[in-house]
Every structure is written in C-alpha cells, then in structure tokens.
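Student: I'd like to learn how to read a few features off a model. Can we start with the aromatic rings?

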Amino acid sequence: MDSKHIVGICTLVSILTMSVMGISCAKGSPDSSEKPDHSINLGAEVDLTTQSIPSSGGVIVVDKPGDPLDGMKLDVPAGAYSDSRSFEISYAPIKGHDFNEYFNPISPMITVKNGGEYSEELMMVTIPVTIPDDSFAMAFYFDAATGKLEGIPLVDETPNSITIATRHFSSFLISLI
C-alpha cells in the first residue's frame, strides 16, 4: 500500500473520529475579541533535544530514560526539505482541560519547531504511549488561539506507541478515544 493511500485512509478515519467526538477544525480565523472554544492547562515546558537534519534526511530519537517521551522517533526522509533544518523538540505536561469526557490525553503537549514550512515528503513521528486494550489513540494538533483540535493521520498503533504522518509541525498531543 503506497503512502498516499495510507494517508487518505488515515485522514478519513480522523475526520470520522472528530465528527463522532464533536470536535472539529476552525472554520477561518477568529477575530482577536473571540474567546477560544477550549483550553488546555499546561505545566512547565521541558526541552528534549535540538538536532539538525540535512536535506538528505535523517532520524531523531529521544534518548532520555525515565522521561515520558523516551524513545520518541522523528523520521525525516530525503528531499523533505531542500536545506538543512534544525528540529527543536519540547513538551509540557497536561494538567487539565475543558474538553468533554471523550478527550483523554495520554501524552504531554509536544512541540516540534523547525521553521514552520511544509515538507515536500511525509515525515513519520512515533510517540511512546500506553494504550489500553479496549481503547484507540489518536494524535491532535492543538491551536491555543482558537481552542480547536485537528486530527493528525495515524499510520500505526501498538500497545506502546502510535506513529503519525505529517508535513508540518506545531503543538500536538495524543488522546484516548
């Protein structure tokens, strides 16, 4: 199965899941006087790593035993960017939120910064999480300005991790569904 087919299936699953949960993407930008729909209360930010990836591609693996993101893997394929990129990975613990009972974060809020441009190729991110047998996990971008969640295509799920496909980064988290 090629990556375009996988991403198409993952996108469809994401859209259906968000519809069932009653969570959707923002429809345009709110004006500055609008209050965000929802909020997530975060703890102090923790810097994990900063690494440069050349245009020929590379892999970043978080190696911090005892850390909740120990083993996180970011795979940047050759040609994703035409130049070398610095990737800064950090996270903040989630202390609370005001979404409904169907939103159950199992990861901290993860932030990856790399200049903000879309990549030419799909990047794969594997995030370590513990997923109970009777649950399904999904990754979401979170826009603090609007309070909206946006599903991220899921490529693989094991009892101990999920792998997502993306062409850009911002703040994201994993929730049980």
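Tutor: Sure. This is a predicted model, and in it F99, F103, F140 and F142 make up one aromatic cluster.

Student: How many aromatic pairs does the structure hold?

Tutor: Five aromatic pairs. Take F99 with F103: the ring centres sit 4.7 Å apart and the planes meet at 50 degrees, so this pair is tilted.

Student: What describes a pair of aromatic rings in general?

Tutor: Two things do the job: the distance of the centres and the angle of the planes. For the angle, under 30 degrees is stacked, over 60 is edge-to-face, and the rest is tilted.

Student: Are F99 and F103 buried or exposed?

Tutor: Both F99 and F103 are buried. F99 also pairs with F142, with 6.2 Å centre to centre and 75 degrees between the planes, and that pair is edge-to-face. F142 is buried, as is F99.

Student: Where in the chain do F99 and F142 come from?

Tutor: From distant parts of it. F99 is in the loop between β6 (94-97) and β7 (104-105), while F142 belongs to strand β10 (residues 137-143), 43 residues apart.

Student: Next, nonpolar cores. How many residues does the largest one have?

Tutor: The idea here is a set of buried nonpolar residues joined through side-chain atoms. The largest core has 31 residues, and those with the most contacts inside it include M72, I127, I162 and F172. Among the elements giving two or more residues to this core are β2 (46-53), β5 (85-92), β10 and β13.

Student: What does M72 touch, leaving out residues up to four places away in sequence?

Tutor: With those left out, the contacts of M72 include I60, V62, I89, V112, V125 and F172. Apart from the largest core lies another core, of nine residues, with I40, F103, M138 and F142 among them.

Student: Now strand pairing. Which way do β12 and β13 run?

Tutor: Strand β12 (residues 154-158) and β13 run antiparallel, with four bridges joining them. They form a hairpin with two residues in between. Within this pairing, E157 stands opposite I162 of β13.

Student: And S161: where is it found, and is it buried or exposed?

Tutor: S161 is in strand β13 (residues 161-166). Buried means under 20% relative accessible area. S161 has 15%, so it counts as buried. Leaving out residues up to four places away in sequence, S161 touches T126, I127, P128, V129, I131 and D156.

Terms used
Residues are numbered from 1 along each chain as its sequence is written. This is a predicted model: local features need pLDDT of at least 70, side-chain atom pairs count only at pLDDT 80 or more; totals for chains, interfaces and linings use all residues. Side-chain values use heavy atoms; hydrogens and water are left out. Rings of Phe, Tyr and Trp (its six-membered ring) pair if their centres lie within 6.5 Å; planes under 30 degrees apart count as stacked, over 60 as edge-to-face and the rest as tilted. Buried means under 20% relative accessible area, exposed over 50%, partly exposed in between (1.4 Å probe, protein chains only). Contact means heavy atoms within 4.5 Å. A nonpolar core is a set of buried Ala, Val, Leu, Ile, Met, Phe, Trp, Tyr and Cys residues joined through side-chain atoms within 4.5 Å. Two strands pair if DSSP finds at least two bridges between them.
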